[in-house]
Amino acid sequence: LMALNLTGVLAGMVVLLGDDPGAYGSQNDQDTRPIASFAEVPLLEPATPADAKSMMVEAFELSERIGTLVIVRETRSFSRQEGEVEFATAPYDQARLDMRREACRWVPYPANAVQMHAELHEKLNAVQSWANDSRWNVTHGGGQQGIIGVGFAHTKLLDVVGEQQGRFRILKLGTIYPPPDRILSEFLKECDEVLVVEENEPFVETQSKVIAYDHGLQTKVCGKLTGHISREGELFRWQIQSGLERFAEGFTPAQSYSSEGEADERPFRKNNCAACPFLEIVETLVDVGRELGQNPILTGDPGCLVRASHLLDAKYAMGGASALAQGMVRAGVNERVVAFFGDSAFFHTAIPALINSVYQKTPVFMVVLDNAATVTSGFQPNPGS
């Protein structure tokens, strides 16, 4: 992301980013928004399916106009939503964008990196100006208590607030980074206190506190850091209800939500692991090790080894199993070390570690679990399929 942004884009370039609060299909409670600010890449987040369709179009237009990569973020629960979406009656005109060859356009190196960094900041300033006038940031309602609903969390918020929306001044926030500082400062100025409702780290909450400080505002900003909203896992409606009851004295939800109904909000989880023999393979290796008087240390890659997670000693990132195993051997562990990874992980990320193991003469037992598919990331083909 950083390299792409430093060197510009050929045409509109938009990344549709799927985050996973609740870790339904991930090994972490995934929130990638901090990476957007770290890599200095604009990020947008829709609240409804109709917003998502229109926002994608506008994200491409923004990318082409300003010359920067743009991220559109969705979450797992958002991806399960249904709603009416309008489509154009005719196909969009496809622009003819030929290769434009300019010296060092895509070649960052010490002599031009600082200048490219300055140009990137100019682009971000232009995006921020656009965000301050964007239709994706809308205020409704009134009162001295404010709520910022970020992306799809705004839709969940409205379900909880119901007809009491007029009691609160609510900001529907769709441009997340860079933050629309003018819109946020004006909103904070109108409120005595503000509750930020977002998935899942206190990203906008922290931004709002910084903006309040910069503008000399005394507005109290509440959210995850103050304990009003849960910081871990998917944000469910009963948790928003609980946070509002703490935030607004006498608040009564449109309908009562409880933790018992949480399962109804959870996304459908397809079982891709049915009839998979990988768990039995790992269990068999452990049993054979015991028969030999050994207790092998097991490392694994994410994905198809999820069913065997309870048997593994370490599992981090794709390609990590063989690298971790080598590190353990070189650190002098007493037991044999076994690295498990799938066929797609082998081609994508395990080969460099395998080459290093040969070069370092590190005795690691590596097992490729070949199911001839790339299951956990979409069944796309790999060089072995």
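## Overall picture

Of the contacts in the chain with a separation of 6 or more, 74% are between residues 24 or more positions apart. The model is a predicted one. Its chain holds 13 helices and 13 strands. Buried residues are 45% of the 385 residues in the chain. The C-alpha trace spans about 70 × 60 × 45 Å along its principal axes.

## Helix α3 and the loop after it

Helix α3 has 18 residues, which should span 26 Å at 1.5 Å a residue, and its end C-alpha atoms lie 25 Å apart, in agreement with that value. Its buried residues are D51, A52, M55, E58, A59, L62, S63 and I66. An α-helix has 3.6 residues a turn, so residues three or four places apart point the same way. In α3, M55, A59, L62 and I66 are among the buried residues.

What do the buried residues of α3 pack against? Their partners are the strands β1 (14-19), β2 (43-44), β3 and β6 (169-173), together with the helices α4 (76-79) and α5.

The residue that follows α3 is G67, with a positive phi near 80°. The loop between α3 (49-66) and β3 (70-75) also contains L69. Is L69 buried or exposed? L69 has 0% relative accessibility and therefore counts as buried. Its C-alpha atom is 12 Å from that of L44, a residue 25 positions away along the chain.

## Helix α5 and its contact with α7

Helix α5 covers residues 113-132, 20 residues in total. From the first C-alpha to the last, α5 reaches 29 Å, close to the 28 Å expected at 1.5 Å a residue. The buried residues of α5 include M116, L120, L124 and V127. Q128, W130, A131 and N132 are buried in α5 as well.

Two packed helices are described by the angle between their axes and the distance between the axes. For α5 and helix α7 (residues 181-189), the axes come within 7 Å and cross at roughly 45°. The two helices are therefore oblique to each other. On the α5 side the contact is made by Q128, A131 and N132, and on the α7 side by D181, R182 and I183. Sorted by class, this contact has two nonpolar, two polar and two charged residues.

## Helix α7 and its contact with α8

Helix α7 also meets helix α8 (residues 203-214), where the axes come within 9 Å and cross at roughly 75°. This angle makes α7 roughly perpendicular to α8. Which residues make the contact? From α7 they are D181, L184, S185 and L188, and from α8 they are S208, I211 and A212. By class, the contact of α7 with α8 has four nonpolar, two polar and one charged residues. D181 of α7 takes part in the contact with α5 and in the contact with α8.

## Helix α13

Where does helix α13 (residues 343-360) bend? The bend is at A350 and amounts to about 70°. A proline, P352, follows within four residues of that point.

Buried residues in α13 are D343, S344, A345, A350, A353 and S357. A350, the site of the bend, is thus one of the buried residues of the helix. The buried residues of α13 pack against helix α12 (320-330) and the strands β12 (337-342) and β13 (365-369).

## Backbone angles in the loops

Most residues other than glycine have a negative phi, and most peptide bonds are trans. The residue K361, which is not a glycine, has a positive phi near 55°. K361 comes just after α13, in the loop between α13 and β13. Its relative accessible area is 72%, so K361 is exposed. A23 is not a glycine either, and its phi is positive, about 50°. A23 sits in the loop between β1 and α2 (33-39). With a relative accessible area of 25%, A23 is partly exposed.

Two peptide bonds in loops are cis. One runs from Y177 to P178, with omega near -10°. P178 belongs to the loop between β7 (175-177) and α7. The other joins E199 and N200, again with omega about -10°. N200 is in the loop between β8 (193-197) and α8.

Methods:
Residues numbered from 1 in each chain as written. Predicted model: local features only at pLDDT ≥ 70, side-chain atom pairs only at ≥ 80, totals over all residues. Heavy atoms only, no water. Expected span 1.5 Å × (residues − 1). Buried < 20%, exposed > 50% of the residue type's maximum accessible area, 1.4 Å probe, protein only. Bend = angle between axes of the 7 residues up to and from the residue. Contact = heavy atoms within 4.5 Å. Axes fitted to C-alpha atoms, helices over the stretch in contact; angles between N-to-C directions. Parallel < 35°, antiparallel > 145°, perpendicular 65-115°, else oblique. Nonpolar A, V, L, I, M, F, W, Y, C, P; charged D, E, K, R; others polar.
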